[in-house]
Structure formats: C-alpha cells, structure tokens
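Please open the model in a viewer and keep the selection panel at hand. The stops below follow one another as a sequence of selections.

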Amino acid sequence: MTPRTISHVDQHDTDADAFAADAFESYDDLPERLIGYPAVFHALGIGSSAVRTVLDYGCGPGKVATRVVEASDARVVAVDLSPRMLEIARERRPHPRIDYRLTDDGGLGLLADGSVDAAMACFVFTTTGDIADLHEIAAEAHRVLRPGGRFAVLDANPRTTGIRFSTFRSGEPGRVYTKGEQRRSRRERPGGEAPLELVDHHWPCQTYLDVLGKAGFTDLDLHEPVLTHRSAQLGSDPAEAGHPPFLVVSGVR
C-alpha cells in the first residue's frame, strides 16, 4: 500500500476529516506515551491537588485526555475542531470526568475567564500554518486559565527534524526548514498498515517562546525530554535515548 498524505484538514470537508481522524486514531503513539505526555503532565503539575480542571486543546481522539484522568482526579475539558475526532473520542474513550466539546472556529467561548487550572495543546502548533492562529490559541489559553495556572505546548522537536524515531519522522533528513514552512512527516501504524504521510509546519523553538510570551505567559520553560530508561518496546538502541524527539514549552498565567 502507498501512504496517503494528510495536510491541514478543513473540518467542513467531512470525508477528509473522517480519513484524518481515523488515521490519527490508528497511529501508535508509543514515544509520546513514554516521553512526551509525561513531560507535559510534569510541567503542568497534573496529579497534584492544585490541578482540578484541565483544558486539552486539540484533543483529537481523546488519547491524552484519557491519560490525564487515569493519572489524576482532575476533570478534563477536551476541545477539538473535528467532529469525527470527537465522535471517536466519545465512542472509544468515554469517561465521566472528560467533557468532549466541539469548537467551530478554534475559539474557547465555551469557557469562562479563569475557569481552568491547567491547559495543554499537544501537536496543535505544528498542524497550524498561520502564526496569527498560534497567537490566538495562546491568547485564549491565557484567558481561560486561572492566575498561576500553567499552559504547556507539546510538539515534535524542531531541532531534531529529519531524525528517524521509533514510530515517526518529522521532516526530511538533511533539510533545513524555515519558519512556518511546510514539511512532510511520516507516522507509522501497527499491523502492517500503510504509514501516514503528513504535511505539517516547522516552527523554531524561539517561535514557541515568542508566542507564549506575547500572550502574557511568564516563567517560560523550554524542555527537550529524552528517553531516560530503556524500554523493550522501543528496541535496544532507540534514537529517543540520544536525541530529544519532542519539545515542551510552558508558561504561567
């Protein structure tokens, strides 16, 4: 089978939305589970008594929101633009402490000012090609957070573009990408299914810091986690042990 390429999907294109949602659901997010999500949870203090309500912006099929409620007693407001993503999430990952919500325009009008204790956007910035949209996402996250709450962004690390990790590669080896440039990325799927060929966007590390800073976040932190313990699931010499596959940027409201 040849890979199928997914670029930015218009949520009103129901066929494209359904294909993209089903494809992302089938992706094996093993490095994210072992390295990326734990780093985000640590940055946000998920599991502490201070974090009772979490915003998962761009929740997709609900994989991360489910991990939040498994790791804590928090309630999650899980928001996405894609009706099909939310359909999958509600069917496969229902939970009494997860409220899956659709946003038609990417805004968070469904949430009041200062109404959440922590917020995260996992693999949202790389799928967004307009920097003005990044500023809007960060501004909305800042608005809905309570004072002292933290916002964290998780993405593929722009400094390790082109490296072949266990289940994905972002960008082509040897390519140098400019700010906001489209790049082709590859995601593996289990069971012999054809890999996903994605088109996302390259944002340098400084862009993340600039966007969060302009939104009003302070105490900015940039973290590049690596695999700190061996996992048989990743093989004997995984790239994740020597190269940080992800970038976590966070700041305080």
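Begin by selecting Arg33, Tyr37 and Phe41 in α2, together with Val64, Arg67, Val68 and Ala71 in α3: these are the residues through which the two helices meet. The model is a predicted one. Sorted by class, the contact of α2 with α3 comprises 5 nonpolar and 2 charged residues, with no polar ones.

Next, display the helices themselves. The axes of α2 and α3, the latter covering residues 63–71, come within 11 Å and cross at roughly 65 degrees. The crossing of this pair, α2 and α3, is right-handed.

Remain with Phe41 and add Val40, Val54, Val76 and Met120. Within the largest nonpolar core, which has 39 residues, these five touch the most other members. Helix α2, residues 30–44, gives the most to this core, with 7 residues. To follow one of these members outward, select Val40 and its contacts beyond four places in sequence: Met120, Ala152, Leu154 and Val248. A second core, separate from the one just shown, has 28 residues, including Leu108, Ala138, Ala141 and Trp203.

Ala138 leads to the next helix pair. Select Ile131, Leu134, His135, Ala138, Ala139 and His142 in α5; they meet Thr207, Val211, Lys214 and Ala215 in α6. The contact of α5 with α6 has 6 nonpolar, 3 polar and 1 charged residues. Here the axes of α5 and α6 (residues 205–215) come within 8 Å, crossing at roughly 50 degrees. The two helices, α5 and α6, are therefore oblique to each other. The crossing of α5 and α6 is right-handed.

Now move to the loop between β5 (116–122) and α5 (131–144), where Thr126 is found. Is Thr126 buried or exposed? Thr126 has a relative accessible area of 5% and counts as buried, because the cut-off for that class is under 20%. Show its surroundings: leaving aside residues up to four places away in sequence, Thr126 touches Asp155, Ala156, Arg183, Asp200, His201, Trp203 and Tyr208. Among these contacts is Trp203, which is also a member of the second core.

For the last stop, select Ser236, in the loop between β10 (218–223) and β11 (246–252). With a relative accessible area of 70%, Ser236 is exposed, because that class begins over 50%. Finally, draw a C-alpha to C-alpha distance from Ser236 to Lys179: the two are 35 Å apart in space and 57 residues apart in sequence.

Definitions and conventions: Residues are numbered from 1 along each chain as its sequence is written. This is a predicted model: local features need pLDDT of at least 70, side-chain atom pairs count only at pLDDT 80 or more; totals for chains, interfaces and linings use all residues. Side-chain values use heavy atoms; hydrogens and water are left out. Helices (H or I, at least four residues) and strands (E, at least two) are DSSP runs, numbered from the N terminus. Buried means under 20% relative accessible area, exposed over 50%, partly exposed in between (1.4 Å probe, protein chains only). Contact means heavy atoms within 4.5 Å. Axes are lines fitted to C-alpha atoms, for helices over the stretch in contact, and angles run from 0 to 180 degrees between N-to-C directions. Angles under 35 degrees count as roughly parallel, over 145 as roughly antiparallel, 65 to 115 as roughly perpendicular and the rest as oblique. A crossing is left-handed if the near helix is turned anticlockwise from the far one by less than a right angle, and right-handed if clockwise. Ala, Val, Leu, Ile, Met, Phe, Trp, Tyr, Cys and Pro count as nonpolar, Asp, Glu, Lys and Arg as charged, and the others, Gly among them, as polar. A nonpolar core is a set of buried Ala, Val, Leu, Ile, Met, Phe, Trp, Tyr and Cys residues joined through side-chain atoms within 4.5 Å.
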